[in-house]
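Let's take a walk through this structure together, one contact at a time. Have your viewer ready, and turn on the side chains.

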Amino acid sequence: MAATRLELNLMRLLSRCETLAAERRDPEEWRLEKYVAALEDMLRELKKQSSKPAPELLNEYSRKVDFLKGLLEAEKLSSSMEKALANQFLAPGRTPTTAKERTPATKTVHLQTKARCTGQMRSELLGTVRSEVQIPFFSLCSCRGLTSDEKQSAVELDAVLQHHQDVQEKLAEEMLSLARSLKNNTLAAQNVIKQDNQTLSHSLRMADQNFEKLKDESDRLEQHAKKSVDWLLWIMLIVVCFIFISMILFIRIFPKLK
């Protein structure tokens, strides 16, 4: 199916955004952020159209737009370590945007950004090592046969590896703490739901019991009303008969005057 005008505009703007993302940009550069926002709007409009492209192609467009959006958010982070970690979780596109590309541009941008963040992190770590880390006595003793540059490189490498190990242990502890917190929250929510179910079941049982009692009382009231009506009818019949007999006796006792 031929691409619509909106899809062509989306592809052109996406290619332009990938080109801007691959370049070294000034911190005050605003075009890429505006372009990505426009891409999101165009992608939403494209999904609403009746003649929209295939679901696989739409997913690929969404994947690339999300990658660019995540790239911008990662660049706003202050620490190079946070930038490197954020870039690790980005998912670049799998297919080229235009026919001129041999590999997806977003994949190239991802590799460049990852290398740039790694270089910044390495320079920061090495600078910290040079200014703050002191060389222990046993390291000097073990490196007596090396030159000063080799000793310095070995110490810096050990410090970088130790720093990475500390970061990994810290991340593992944080993930374990999050998992424990999630487990506790899940158990607490499960207990609350269980208590709510028990309360609801008790309320339903009480409602059924009250309904049965109300039904019994209604039947008794109906029977009582029928009994009272029967007694009233009999009393009225007796009164009428008494009045009738009294009238006859009155007529018999007091004859008609001539």
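In which helix do Arg-44 and Asp-41 both lie, and how many residues apart are they? Keep in mind as you look that this is a predicted model. The two residues sit in helix H2, three residues apart, which is about one turn of the helix. Arg-44 makes a salt bridge with Asp-41, and the closest N and O atoms are 2.3 Å apart. Side chains of opposite charge can pair when their charged atoms come close. Neither partner is hidden away: Arg-44 is partly exposed because its relative accessible area is 45%, and Asp-41 is partly exposed too, with 40%.

The count of salt bridges in the model comes to four. Another of them starts from Glu-33, which pairs with Lys-76 at 3.3 Å between the closest N and O atoms. This pair links distant parts of the chain, since Glu-33 belongs to helix H2 (residues 31-48) while Lys-76 is in the loop between helix H3 (55-75) and H4, 43 residues apart. How exposed are the two ends? Glu-33 has a relative accessible area of 42%, so it counts as partly exposed, whereas Lys-76 reaches 59% and therefore counts as exposed.

Now move along to the salt bridge between Lys-69 and Glu-40, where the closest N and O atoms are 3.4 Å apart. Lys-69 is in helix H3 and Glu-40 is in helix H2, so this contact ties together parts that are 29 residues apart in sequence. Lys-69 has 38% relative accessibility, which means that it is partly exposed.

Next comes helix H4, which covers residues 80-88 and has Ser-80, Met-81, Lys-83, Ala-84 and Asn-87 as its buried residues. Why do these residues share a side of H4? They span an arc of only 160 degrees around the axis, so they fall on the same side of the helix. Leu-85 is also located in helix H4, but Leu-85 is partly exposed because its relative accessibility is 31%. Measure from its C-alpha to that of Lys-114 and you will find 9.2 Å in space, for a pair 29 residues apart in sequence.

Finally, turn to the annotation. An unreviewed UniProt entry lists residues 3-52 and 197-224 under "coiled-coil region". In the model, the span 197-224 is 100% helix and 0% strand, and its end C-alpha atoms lie 40 Å apart.

Definitions and conventions:
Residues are numbered from 1 along each chain as its sequence is written. This is a predicted model: local features need pLDDT of at least 70, side-chain atom pairs count only at pLDDT 80 or more; totals for chains, interfaces and linings use all residues. Side-chain values use heavy atoms; hydrogens and water are left out. Buried means under 20% relative accessible area, exposed over 50%, partly exposed in between (1.4 Å probe, protein chains only). Helices (H or I, at least four residues) and strands (E, at least two) are DSSP runs, numbered from the N terminus. The arc is that of the directions from the helix axis to the C-beta atoms. UniProt positions are given in the numbering used here, feature names are shortened, and annotations may be inferred rather than shown by experiment. A salt bridge is a side-chain nitrogen of Lys or Arg within 4 Å of a carboxyl oxygen of Asp or Glu.
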